[in-house]
Amino acid sequence: MKTETNPDLIVYFRGEYVPLREARVGILTHALHYGTGVFEGIRGYWDDAGQQLFLMRPVDHYRRWRQNCGILRISVPPPAEQLAEITVELIRRNAFRTDIYVRPIAWKCAERIGVSTDDEDAFAIVALPFGEYLPSDNGLHAGISSWRRIDDNAIPARAKICGAYVNSALASDDARREGFDEAILLNESGHVAEGATCNLFMLRKGKLITPPVTENVLEGITRDTIMTLAQLELALHVVERPIDRSELYICDELFLTGTAVGIAPVVRVDHRPVKDGSVGTVSRDLRRMYSDAALGRLSAYRKWVLPVGSEKQEPELHAASLAETTV
Ligand SMILES: Cc1ncc(COP(=O)(O)O)c(C=O)c1O
């Protein structure tokens, strides 16, 4: 993720809005040594025509974050709705008029040596201007990684646990060095799990197929959004089942989903074209729909977005914005 980090950026750090330069952690912090933090990623999209920013499913993200913090017994006291309000205030204080990425992070903050955890927890929320993560208009070239996806019984992949991202970093770094845009990881049983930072969908014989959440994948919110749009708007049959590596070589369409990557079509896997090597129609349609939904332009899915006006006004945290949406 490449961003300019302005030291004057206002961040929410341990209960206060402070400039980034003042938000510091000590070198003996438990999470720094042992990876005992849990982070989240939320997108905000700026709508120039309407002069407002839309947060995409912030309450769903904060719910997932708090749940996953529970896996490491990290406490984040404010409920998800209040965390969304803090984020709205953060956006206002920074007066963003561009697309942004919100990075909440909670961690074990005791400053001492020793791997076992205690109850000293902290959290922060950073929001940054953020453009395209992977330029994917014309499709990506993905490579199957030689690294295997971490197993649930080692470090749960369903949570965004800081230490677990060594697995993604190793795969991603190798993939880039080998000339691929993104890595696809297999799990220990040899099935396709997901991309280094994204979930995966394949179109085969008219069905949209994605690995189930028990295959060592992150339970992606974009994945859930796409399953909903594919079923309700494209009348596609969505199937959660294990995927073999070689199916990626013979499928009709392939795309990746994630908060950072959005909907990214894959047109080549391991130097083999996906179908004819161009972006398929289902990928294109879902990408367009996702972008419309994220900008609040699809009335049926307006409940997914939280508009943040540039003026001081009450955030529209009404019931619909808070609705948990799952297929
Ligand atoms: C490993 C991994 N898988 C999948 C995803 C996609 O999840 P989401 O759509 O909730 O951003 C991410 C992104 O955060 C990720 O890091």
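Which residues in H2 are buried? I began with this question, working from a predicted model.

**Entry 1: helix H2.** I located H2 at residues 58–71, a helix of 14 residues. From its first C-alpha to its last I recorded a reach of 20 Å, close to the 20 Å expected at 1.5 Å a residue. I then looked up burial and found that 10 of the 14 residues of H2 are buried, so that the helix is mostly covered. To answer the opening question, the buried residues in H2 are Pro58, Val59, Asp60, His61, Tyr62, Arg64, Trp65, Arg66, Asn68 and Cys69. After H2 I noted arginine 73, which has a positive phi, near 55 degrees.

**Entry 2: H2 and H3.** I next examined helix H3, residues 80–94. The axes of H2 and H3 come within 8 Å and cross at roughly 120 degrees. That angle makes H2 oblique to H3, because the range for roughly perpendicular is 65 to 115 degrees and only angles over 145 count as roughly antiparallel. I entered the crossing of H2 and H3 as right-handed.

**Entry 3: the ligand.** Which residues around the ligand come nearest? Of the 14 around the ligand, I listed Leu218, Gly220, Thr222, Gly258 and Thr259 as the nearest. Helix H5 (221–234) and strand E14 (253–258) are the elements that give two or more residues to this shell. H5 gives the most, with three residues. By class, I recorded three nonpolar, nine polar and two charged residues in the shell around the ligand.

Definitions and conventions: Residues are numbered from 1 along each chain as its sequence is written. This is a predicted model: local features need pLDDT of at least 70, side-chain atom pairs count only at pLDDT 80 or more; totals for chains, interfaces and linings use all residues. A residue is near a molecule or strand if its C-beta atom, placed from the backbone, lies within 6 Å of it. Helices (H or I, at least four residues) and strands (E, at least two) are DSSP runs, numbered from the N terminus. Ala, Val, Leu, Ile, Met, Phe, Trp, Tyr, Cys and Pro count as nonpolar, Asp, Glu, Lys and Arg as charged, and the others, Gly among them, as polar. The expected span of a helix is 1.5 Å times one less than its number of residues. A residue is buried if 20 or more other C-beta atoms lie within 10 Å of its own, exposed if 12 or fewer, and partly exposed in between; C-beta atoms are placed from the backbone. Axes are lines fitted to C-alpha atoms, for helices over the stretch in contact, and angles run from 0 to 180 degrees between N-to-C directions. Angles under 35 degrees count as roughly parallel, over 145 as roughly antiparallel, 65 to 115 as roughly perpendicular and the rest as oblique. A crossing is left-handed if the near helix is turned anticlockwise from the far one by less than a right angle, and right-handed if clockwise.
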